Amino acid sequence: MNLQEWQDEAYKLSEEKNLDLSETIDGQLFVPDYSPSEFIWALQLTREYNLTDNRYYLRQVEDCCCYYCKKSYKTKEIKRYDGEYAYCPFCGVDAVMPMVLSEEQLSLLGQIMFSPVRIISNRID
């Protein structure tokens, strides 16, 4: 799959999920190591649970995880919040998810969300 095909597939999948990708994959210079569907999964998950008031969701669960350091832990271990965003008690990064994910899912999520591929400029046409 070339870059244009990857972007086209990601845009198609994003429309099905009502996700705006205009500031996420435009300007990408190479095909990532993950598929468009994996990218959409990660983006949808972080937008729903992490980037919008994750403190609200963390109050409702006992277990959580960090997709930066890939640790799972009890939500009561979180000591630092900045407004509505929680920071991981192990690495200090605001990459806390209000659920426990598998090691494979955490690795993929971290790769996608902390990848330089997400740096954007404009879409290849």
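A disulfide is a pair of cysteine sulfur atoms within 2.5 Å. Keep that cut-off at hand for the first exercise. The model used here is predicted.

**Exercise 1. Cysteines**

Find how many disulfides the whole structure holds, then check Cys64 and Cys66.

*Solution.*

Step 1. Search the whole structure. The search finds 0 disulfides.

Step 2. Take Cys64. Its nearest cysteine sulfur belongs to Cys65 and is 6.9 Å away. The limit is 2.5 Å. Cys64 is therefore in no disulfide.

Step 3. Take Cys66. Here the nearest cysteine sulfur is that of Cys91, 3.6 Å away. A disulfide needs the two sulfur atoms within 2.5 Å, so Cys66 is in no disulfide either.

Step 4. Check accessibility. Cys64 has 0% relative accessibility and counts as buried. Cys66 is buried too, with a relative accessible area of 0%.

**Exercise 2. An aromatic pair**

Classify the pair formed by Trp6 and Tyr34, and work out which parts of the chain the pair ties together.

*Solution.*

Step 1. Start with the total. The structure has 7 aromatic pairs.

Step 2. Look at the geometry of one of them. The ring centres of Trp6 and Tyr34 are 6.2 Å apart, and the planes meet at 65 degrees. Planes over 60 degrees apart count as edge-to-face. The pair is therefore edge-to-face.

Step 3. Place the residues. Trp6 belongs to helix H1, while Tyr34 is in the loop between H1 and H2. The pair therefore ties together parts that are 28 residues apart in sequence.

Step 4. Decide whether each residue is buried or exposed. Buried means under 20% relative accessible area. Trp6 has 1%, so Trp6 is buried. Tyr34 has 4% and is buried as well.

Step 5. Extend the picture. Ring pairs join Trp6, Tyr34 and Phe39 into a cluster.

**Exercise 3. The core**

Name the residues that touch the most other members of the largest nonpolar core, and list the elements that give it two or more residues.

*Solution.*

Step 1. Count the members. This core has 32 residues.

Step 2. Rank by contacts. Phe39, Val96 and Leu109 touch the most other members.

Step 3. List the contributors. Three helices, H1 (3-16), H2 (36-49) and H4 (103-113), each give two or more residues. Strands S1 (63-66) and S5 (96-97) do so too.

**Exercise 4. Charges over rings**

Find which ring lies under Lys71 and which lies under the charged end of Arg80.

*Solution.*

Step 1. Lys71 lies over the face of Phe90, 5.5 Å from the ring centre.

Step 2. The charged end of Arg80 sits over the ring of Tyr87, at 3.8 Å from its centre.

**Exercise 5. Sheet and salt bridge**

Give the strand order of the open sheet, then find the salt bridge that links two of its strands.

*Solution.*

Step 1. Write the order. The sheet has 3 strands, S2-S1-S5, with antiparallel pairing.

Step 2. Find the edges. Strand S2 (72-74) and S5 each have a single partner strand, so one side of each has no neighbour in the sheet.

Step 3. Zoom in on S1 and S2. They pair in the antiparallel sense over 3 bridges. Asp63 stands opposite Lys74 in S2.

Step 4. Look for a salt bridge. The structure holds 1. Asp63 and Lys74 form it, with their closest N and O atoms 2.9 Å apart.

Step 5. Locate the partners. Asp63 is in strand S1 and Lys74 in strand S2, 11 residues apart.

Step 6. Check accessibility. Asp63, at 30%, counts as partly exposed. Lys74 is partly exposed at 35%.

Methods: Residues numbered from 1 in each chain as written. Predicted model: local features only at pLDDT ≥ 70, side-chain atom pairs only at ≥ 80, totals over all residues. Heavy atoms only, no water. Core = buried A, V, L, I, M, F, W, Y, C linked by side-chain atoms within 4.5 Å. Buried < 20%, exposed > 50% of the residue type's maximum accessible area, 1.4 Å probe, protein only. Helix = DSSP H or I, 4+ residues; strand = E, 2+ residues; numbered from the N terminus. Phe/Tyr/Trp six-rings, centres within 6.5 Å; stacked < 30°, edge-to-face > 60°. Lys NZ or Arg CZ within 6 Å of the ring centre and 35° of its normal. Pairing = 2+ DSSP bridges. Salt bridge = Lys/Arg side-chain N within 4 Å of Asp/Glu carboxyl O.
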